[in-house]
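The following exercises concern the reading of helix packing, strand pairing and burial from a set of coordinates. Please work through each task before consulting its solution.

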Amino acid sequence: MAAETVKFRALGPLELAVGGRAVTPRGAKPRALLALLLLDVNRVCERDLLIDRLWAGRPPEGAKATLRAYVYQLRKELGRFENGVVLDARGGGYALEVATEAVDAHRFEALAAEGRRLLRGGGSEAAAAAFREGLGLWRGAAFAGIDVPAVRDKARLLDELRMEATEECLGAELESGAVAVSELEHLTAAHPLREGMWRLLMLALYRSGRQAEALEAYRRLFRLLDGELGVKPSPQVERLHRQILDADPDLQRPGGSVRVRTVPRQLPAPPAHFTGREAQLSEMDELLASPDAPVAVVSGTAGVGKTAFAVHWAHRASERFPDGQLYVNLRGFDPVGQPVAPGEAVRSLLSALGTAPETVPGELDAQIGLYRSALADKRVLLVLDNARDAAQVRPLLPGGRGTAAVVTSRDRLSGLVAHGAQPIGLRQLGAAESGLFLERRLRKRRTAAEPEAAAQIAADCAGLPLALAVVTARAAGNPHFALAALARELREAARRLDALADPDPAADVRAVFSWSYRALSPGAAKMFRLLGTHPGPDFTAAAAASLAGTGAPPAHRLLDELERASLLYETSPGRFAFHDLVHAYAADLAAQDKDREDAVLRTLDHYLRTAYAGMRLIQPIQDAITLAPAPPGAAPEPLADGRAAMAWFGAERDVLLALVEHAAALGLDGHCWQLAWAASEYLHRAGHWHDLARSWETVRARTGPHTEGEVMVRVERRLAFAYSLLDRFEEAHELLDRSLEQCRDLGNPGGEGHVHQLRGYVWRRQGKFDAAIECNRRALELYRAAEHQGGQAIALNSIGWHRATVDGAYLEALADCEAALGFAEAADDRAGQAAILDSLGYVHHHLGRFDLAVDHYERSVDLSRDVGARSGEAAALANLADTHLALNDPDAARDAWTQALEILDDIAHPDADSIRAKLAGLDD
């Protein structure tokens, strides 16, 4: 047999891997012996010392013979391969002769020492690379599963060295300009008493321009140390705190610029009271020994706990994936909403990896290629939850060797398994595991007091964790109830559903839901039924209040009652969701509720009116549309300003997109196009151009001969704009041709102006500037005829910008842009004013009026901040830096470029690298 690479893996569960295959010795004692030999490779370990350590000072009779047997077993395992590893007997003991780099623990120690050496020499970037390579060897706690004191002592030393190396690595990266705030947040949460991590977090936040958050991190640490230990932070942390308060310039990295390193941490919270599944968890652990990118398919019936299992294991294995963990709910079996399309899922994953949405290519194959390239050199764990079928999953599987994927589905996904995925089948919990679940949730003394009732409850839940969770939630909320009484109620509920004669164990879950539902207060039961009409994926208390037609305080109380009953759960502060099986049950009940249609209309109206108000805040010159009268009980959410509106849109994006589809499916055409209209400005500004196109494609599919002409114009114009953003120019021009004809037929000069202005934008994106300027001039004529102030502002600014940047006619450009500013102010278009002020700053700069340029750029920055236009703010800051440099003020230029870079890095904008290069050039 040809020689194969041997690796001894001690940084996690002890493994011997040959050629990438795990061939770890069977039996606890042989594994312990291997661990002891690995502590001192290439040196003789005395026989008596090995015996003493192996049996913790109490060896059995015949220990020497037993030791020889274990040695023989190890030699036999190693001897199967021509690999250069020798377990030799000499000098009254044994020596494991192997290259030290083949032992991951020794390799890690060497790399940590190399990182420290490089750090002392000032090589921060090289030091960080050495540390990262060493930290990448870890798969869990050192020598996990080996219960031998000498090994445990070494494991503790290695674990501590790991934490020290992590701190030194992050410190080196921070000095080389890489900021990993999300990773430091995760580490301070996992190791709250390590002040070094907190100190790095404070400095990283400060260098990212987040001074207030840096100070808040200090306050969190102070409260923690004072409450836990009664001590104050260390002098080093206190000194850093004072420097942050004083905005000490010494805290800035020499060179000024920073790179934000995205480390996604998307896993949902680990499930409480997780029980059992030890064999399957071991299978998952073994899967990671694969040299390729391992894929596990976790399948089983609805309610069997697939998501809980996957998330529990993912948290347990997260340390093996230092570059982050990704999570997507594919909603394969959602009873109301649609399964997540592969393209939508890929774009979501790219966003989590720090890719700007507007840089994502249009074709699905190109998106997948970009996604796999982003993961190529990373160690990332991917959890794809609730998959419909293999076709939905296959494009999402990464190809990098450092990644692993866990897929959950009710389907066995045989197509994936046939191509190498590891099947992990989950069955219902056994009686013992179900009993343990009850003990952990209800406390052992309660189940021990009524063992027969506890056993009956477990049996009636059919071993399904979802059913057990619902039952124990009610039992825990009523500690004075006898378990026997709860068992009788549950049995009666099961009998009521016996007529279903359904062999699917999910029927037992429905019996439990029925039992729990009947225990709800009338208001909570009504809320539960009507929430079955919400298309998801989640909702706020404010949305639930509109849906149910209640005020906000009652809605909060009813949601609390449903959460206590485990009929819904809080996905993040203030946001709630269903398990899809619970959602299906609620939807079944909703179908029988006479208020169902009114609830649907209240829900759509809640989101439509909030979104429309938000759109008017961020783009007030947008043509008004007429909304139908609000149904009684629907209450939109108040939004204070443009920044609050952008934040609301960001939180509700997935819901709004689902509602457009939902309204289309229900034939509610008015709500369908108006929701898309209200969300468009946000989707454009935030770079979600694929979502923008998808929503308008959905709307257009609903339009036809019956559609009002003005509505059809809006639909085709908006879809054309979305296509132009995705470089689908031919389709955009075809739609604009039709829109122009319709506007002329309708006698709508303002609409014609919009079409010409948009066509000018399309031509500009295509690099055809002469055609673009002609379109804007025609648009200006039409806007004047329609007395459309906001349109005149946009057209004049476009003309002025063209004259300045293409023709170099700065005085003519100045007149155009100043006129544009007057129209924008009259229309109260603050976002438009910000863009025009940026144009005026550019013109004044090139006329040599640098002080005026600074004034206009600063006003543009302030207005952009007010309306939440972050990319516009960054552009104005970058231009402001150019003017400061022209004024021979490099410090002010550095400050403006640094602020711009922080924004561009935060929104993963492709212009970040050009600003970074300017900062580097400034230093040179």
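Three exercises with worked solutions follow, all on this predicted model.

**Exercise 1.** Determine how the axes of helix H1 (residues 28–39) and helix H6 (residues 149–175) are oriented, and which residues make the contact.

Solution. Two packed helices are described by the angle between their axes and the distance between the axes. Here the axes of H1 and H6 come within 10 Å and cross at roughly 55 degrees. Angles under 35 degrees count as roughly parallel and those from 65 to 115 as roughly perpendicular; H1 and H6 are therefore oblique to each other. Their crossing is left-handed. On the H1 side, the contact is formed by Ala35, Leu36 and Leu39, and on the H6 side by Ala150, Val151 and Lys154. Sorted by class, this contact has 5 nonpolar residues, no polar residues and 1 charged residue.

**Exercise 2.** Establish how strand E10 (residues 325–329) is covered and how E10 is joined to strand E11 (residues 381–387).

Solution. Begin with burial: 4 of the 5 residues of E10 are buried, and the strand is mostly covered. Next, consider pairing: E10 and E11 run parallel and are joined by 5 bridges. As an individual pair, Gln325 has Leu381 of E11 as its bridge partner.

**Exercise 3.** Decide whether His802 is buried or exposed, and list its contacts.

Solution. First, locate the residue: His802 lies in helix H35 (residues 789–807). Its relative accessibility is 8%. Buried means under 20%, so His802 counts as buried. Finally, with neighbours within four places in sequence left aside, His802 is in contact with Phe769, Asp770, Ile773 and Asp807.

Key: Residues numbered from 1 in each chain as written. Predicted model: local features only at pLDDT ≥ 70, side-chain atom pairs only at ≥ 80, totals over all residues. Heavy atoms only, no water. Axes fitted to C-alpha atoms, helices over the stretch in contact; angles between N-to-C directions. Helix = DSSP H or I, 4+ residues; strand = E, 2+ residues; numbered from the N terminus. Parallel < 35°, antiparallel > 145°, perpendicular 65-115°, else oblique. Left-handed = near helix turned anticlockwise from the far one by under 90°. Contact = heavy atoms within 4.5 Å. Nonpolar A, V, L, I, M, F, W, Y, C, P; charged D, E, K, R; others polar. Buried < 20%, exposed > 50% of the residue type's maximum accessible area, 1.4 Å probe, protein only. Pairing = 2+ DSSP bridges.
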